[in-house]
Amino acid sequence: MTPYRNFQAVTAMSPIQFQKQIRLQQARLLLAAHPDDVTGVGYRVGYESPSQFSREYRRLFGAPPSQDAARLRHPAPTVP
């Protein structure tokens, strides 16, 4: 079995998909602390294009980075 196949067997994704997911999870953590710096956070985690960062972020988390950052900082109250 090749290292690529081993990696896929363990993670259920390709190395590039895994790296992208790690970058976007790191971005989400950074956005919780710096919600007004979406472009800066995108660059910081390795994206050169703000539109690509926003598109991939939305695909993974279901909301654009700015909306998700606001939701992370002010979660909706839960109903008992």
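**Notes on a five-helix model**

1. Starting with one helix pair: the crossing in which α2 passes α5 is right-handed. Bear in mind that this is a predicted model. Helix α2 covers residues 15-33 and helix α5 residues 65-73; the two pack at about 60°, and their axes lie 8 Å apart.

2. Who touches whom at that crossing? From α2 come Arg-28, Leu-31, Ala-32 and Ala-33, and they meet Pro-65, Asp-68, Ala-69, Arg-71, Leu-72 and Arg-73 of α5. Sorted by class, the α2 and α5 contact has six nonpolar residues, four charged ones and no polar ones.

3. On the overall layout, the protein has five helices and zero strands, so you won't find a sheet anywhere: reading from the N terminus, the elements go α-α-α-α-α. The radius of gyration comes out at 15 Å, and the globule rule for 80 residues gives 12 Å; the value is well over the rule, so the protein is more spread out than a compact globule.

4. A couple of other whole-chain numbers to keep at hand. Along the principal axes, the C-alpha atoms fill a box of roughly 50 × 40 × 20 Å. Of the 80 residues, 25% are buried. If you take contacts between residues at least 6 apart in sequence, 40% of them join residues at least 24 apart.

5. Next, helix α4, which takes in residues 50-61. This helix has twelve residues and spans 16 Å from first C-alpha to last, close to the 16 Å expected at 1.5 Å a residue. Right after α4 comes Gly-62, with a positive phi near 80°.

6. Which residues of α4 are buried? They are Phe-53, Ser-54, Glu-56, Tyr-57 and Phe-61. Their cover includes α2, α5 and α3 (38-44). As a reminder, an α-helix has 3.6 residues a turn, so residues three or four places apart point the same way. That is handy when you look at the spacing in the list of buried α4 positions, which includes Phe-53, Glu-56 and Tyr-57.

7. Last, a loop residue. Ser-14 sits in the loop between α1 (3-11) and α2. Is Ser-14 buried or exposed? Its relative accessibility is 12%, and the cut-off for buried is under 20%, so Ser-14 counts as buried. Leaving aside residues up to four places away in sequence, Ser-14 touches Tyr-4, Phe-7 and Gln-8.

Notes: Residues numbered from 1 in each chain as written. Predicted model: local features only at pLDDT ≥ 70, side-chain atom pairs only at ≥ 80, totals over all residues. Heavy atoms only, no water. Axes fitted to C-alpha atoms, helices over the stretch in contact; angles between N-to-C directions. Helix = DSSP H or I, 4+ residues; strand = E, 2+ residues; numbered from the N terminus. Left-handed = near helix turned anticlockwise from the far one by under 90°. Contact = heavy atoms within 4.5 Å. Nonpolar A, V, L, I, M, F, W, Y, C, P; charged D, E, K, R; others polar. Expected span 1.5 Å × (residues − 1). Buried < 20%, exposed > 50% of the residue type's maximum accessible area, 1.4 Å probe, protein only. Rg over C-alpha atoms; globule rule 2.2 N^0.38 Å.
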